[in-house]
Amino acid sequence: MKKPSLSLSLSLSLSLSLSLSSYLDYISCILHKMFSPFNTNNATFSSLLPMDFRWSLGNHENFALQIADATNFYITEKNRNDIKNGSILRLTTSPYQTAVQLHERIQSSSMDAKLESLKDLANASRDITFAQEFINLDGISLLTLMVEIVTVHSFHLSFLFLMDHGIVSWDTFSVAFIKKIASYVNKSAMDTAVLQRSLAILESMVLNSQDLYHKVAQEITIGQLIPHLQGTDQDIQTYTIAVINALFLKAPEEKRQEMAHILAQKQLRSIILSNVIRSPTPINDEMAHQLYVLQVLTFNLLEDRMMTKMDPQDQAQRDIIFELRRIAFDVECEPNNGSIEKRKSMYTRDYKKLGFINHVNPAVDFTQIPPGMLALDNMLYFARHHQDAYIRIVLENSSREDKHECPFGRSSIELTKMLCEILKVGELPSENCHDFHPMFFTHDRSFEEFFCICIQLLNKTWKEMRATSEDFNKVMQVVREQIMRALTLKPNSLDQFKSRLQNLSYTEILKIRQSERMNQEDFQSRPILELREKIQPEIMELIKQQRLNRLCDGTCFRKISSRRRQDKFWYCRLSPNHKVLHYGDLEESPQGEVPHDSLQEKLPVADIKAVITGKDCPHMKEKGALKQNKEVLELAFSVLYESDEYLNFIAPDKHEYCVWIDGLNALLGKEMTSDYTKSDMDTLLSMEMKLRLLDLENIQIPEAPPPIPKEPSNYDFVYDCN
């Protein structure tokens, strides 16, 4: 039976100078005075205290204090100064004693007692102080032995919480343990909670150890994971895709193509499209992230071809160029008769019509990396699968004047390079991004189809611009803008993407650019420039106040670890007097502002020495899965305080990153230099300039706004355009 604990609300101002042992003795005296008038045999009062405490505290090392909130974190010498005055504390057994008791209880012969102790262990394991004590008792080994007989949710939860502290290496686990966890995933009927945690354990194993990747890959096949995607539980689907992504990410280069082939055979894409993307259940952030990771890893399979130069002497590669010529001009076998010079002249003429830069040996065009051989692959796919459109584009341009023709070969090479840049082929996925595109899950060859749509767009835009060869780069800029604007609308299918592009003609792009230019109109005359300089300090002060107000509102940050999960959050906000940063862990993402009182930790602004960003941050120097990638580096920053202490952040997005960097620099009296500040400065300055330059002569501006007129008795005068 568990010992009851005692909760106390105490004024801590008397005791912060004491050690924790002295503090416990101090509480002992208080309780002795509180309960001395009463009979200690009285059950009402005696039941409030642990058995050892009913007469005296005894050895204070057997007891400890906890924060009496949802976290139940133990108070230690490291965090004792962060306790707020008036906080409610709980007097309970020490972490070591609790660990010993739970270590004994989970070995009980009674299954009911064993299950109850595992639930308590799951709750206690969130605290790193307890976790350290339990692990020191070889608790992890005990749990791995118990996996043979216990299949309850609390076991897996305890295990994950203990491992999340990073105290024990994942490499210590046996093949038998991996097989048992994998068996829970491979069973057709399994408790949902156990299945979730088993998938999470496997994901963590794969991400944290290359050796464990090989062991897990032997136990889990794609075919065994597919059924979990065909259900309706989005959490199970999310964990399943996370395991697939982890296996994909850690697979050796030579095995990724093989794995992609297996995924295609098992129709993973169509299963995800039907059961996840087109499911009536809205896609949550974690699922969106996993779909984004899968999208990135799939496109990264193109990196090898993108970085492979064409060998002009390779006959198989040269045959692809011959095939492009054959399809375009309906040329069958080469005639044996005729001189070599005549045949060379014929080849040169046709390669010129195909739009290659090097008319004599077009293979040289594909020695540029990127896009390398990927461009040639795209051209061949377009020629074979969209033959009519391919022939039309080639013949249409070959019949134009030389200066007005849109060179198909050159355009395809540059377009492929552009699409790789847009989709960031070759870059690791970001830990904070949810930017997946449903249309890429609608086709097995989505990149090639994407290219086919865009090459036809390029040819159409070339004609609309009446471009010449000198305008090639201008056309490519317009095409890039058209593609980016269409992707921003997140089309659900490739046909929808194509339709969106039809609405973004060159004329429409010009209208959009003109509108944006008018909104960003700049005045260059000397009096206007002087007025700008006069107004700028006022605008900068306004931006500074806005940034500080946003810091006062606070932001929820995600805790990034090797096992990325949506239930790891912490919150940070600035006090209203701009003197203290309050922060603390959260159980779940908040639905609004988090009160200062609920944030246990605090950092005085006066103690902040510097703000560090990017790769110089301590948490970006750590080695871990998905850590070292460009997007995370761009969102990382750290606050240096005291001598070598850091508070590490990874902003949820670029906007929040700029807000916090600006706000922290403002607190330190430094210049705000973020892109967001520059954008705000331009917008507010433009508005203020236009207001001040309004011609208001002989116009009387009322002090109060005019009254809103009453609603009409009916709306019969409204014309229905339909």
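**Charged pairs, surface patches and packing**

Glu 642 sits in the loop that joins strand 9 (636–641) to strand 10 (645–650). In this predicted model, Glu 642 belongs to a patch of negative charge on the surface, together with Asp 607, Asp 644 and Glu 645.

A second surface patch has another character. Leu 691, Leu 694, Leu 696, Ile 699 and Ile 701 form a nonpolar patch, and the accessible area of these residues together is about 490 Å². One of them, Leu 694, is found in the segment that comes after helix 29 (675–692). The relative accessibility of Leu 694 is 48%, so Leu 694 counts as partly exposed, because the partly exposed class runs between 20% and 50%.

From patches, the description turns to charged pairs. Side chains of opposite charge can pair when their charged atoms come close. The count of salt bridges in the model comes to 23, and a few of these help a newcomer to find the way around.

Helix 29 offers a convenient place to begin. The side chains of Glu 688 and Arg 692 meet there in a salt bridge, with an N to O distance of 2.9 Å. The two residues are 4 residues apart in helix 29, which means that about one helical turn separates them. Glu 688 is partly exposed, at 24% relative accessibility, and Arg 692 is also partly exposed, at 37%.

A comparable arrangement appears in helix 13 (residues 253–265), where Arg 256 and Glu 253 are 3 residues apart and are therefore separated by about one helical turn. Their side chains form a salt bridge of 3.7 Å, taken from N to O. Arg 256 has a relative accessible area of 21% and is partly exposed, whereas Glu 253, at 60%, counts as exposed.

Another salt bridge joins two helices. Arg 480 pairs with Glu 421, and their closest N and O atoms are 3.1 Å apart. Because Arg 480 lies in helix 23 (residues 472–488) and Glu 421 in helix 21 (residues 408–422), the pair ties together parts that are 59 residues apart in sequence. Both ends of this link have some access to the surroundings: Arg 480 is partly exposed at 32% relative accessible area, and Glu 421 is partly exposed at 41%. Elsewhere, salt bridges link Glu 323, Arg 326 and Arg 384 in a network.

What surrounds Leu 263, once its neighbours within four places in sequence are left aside? Leu 263 is placed in helix 13, the helix that also holds Arg 256 and Glu 253. With a relative accessible area of 8%, Leu 263 is buried, because buried means under 20%. Beyond those sequence neighbours, Leu 263 is in contact with Ile 222, Ile 244, Phe 248 and Leu 268. Gly 223 is 40 residues away from Leu 263 along the chain, yet their C-alpha atoms are separated by 8.8 Å.

Glu 533 gives a further example of residues brought together across the sequence. Glu 533 lies in helix 26 (residues 526–553) and is exposed, with a relative accessible area of 58%. Between Glu 533 and Leu 685 there are 9.9 Å in space, C-alpha to C-alpha, although the two are 152 residues apart in sequence.

Key:
Residues numbered from 1 in each chain as written. Predicted model: local features only at pLDDT ≥ 70, side-chain atom pairs only at ≥ 80, totals over all residues. Heavy atoms only, no water. Patch = residues over 30% accessible without salt bridge, like charges linked within 9 Å, V, L, I, M, F, W, Y side chains within 5 Å. Areas by Shrake-Rupley, 256 points an atom, 1.4 Å probe, with all protein chains shown as cover. Salt bridge = Lys/Arg side-chain N within 4 Å of Asp/Glu carboxyl O. Lys, Arg positive; Asp, Glu negative; His and termini not counted. Charge placed at Lys NZ, Arg CZ, Asp CG, Glu CD. Buried < 20%, exposed > 50% of the residue type's maximum accessible area, 1.4 Å probe, protein only. Contact = heavy atoms within 4.5 Å.
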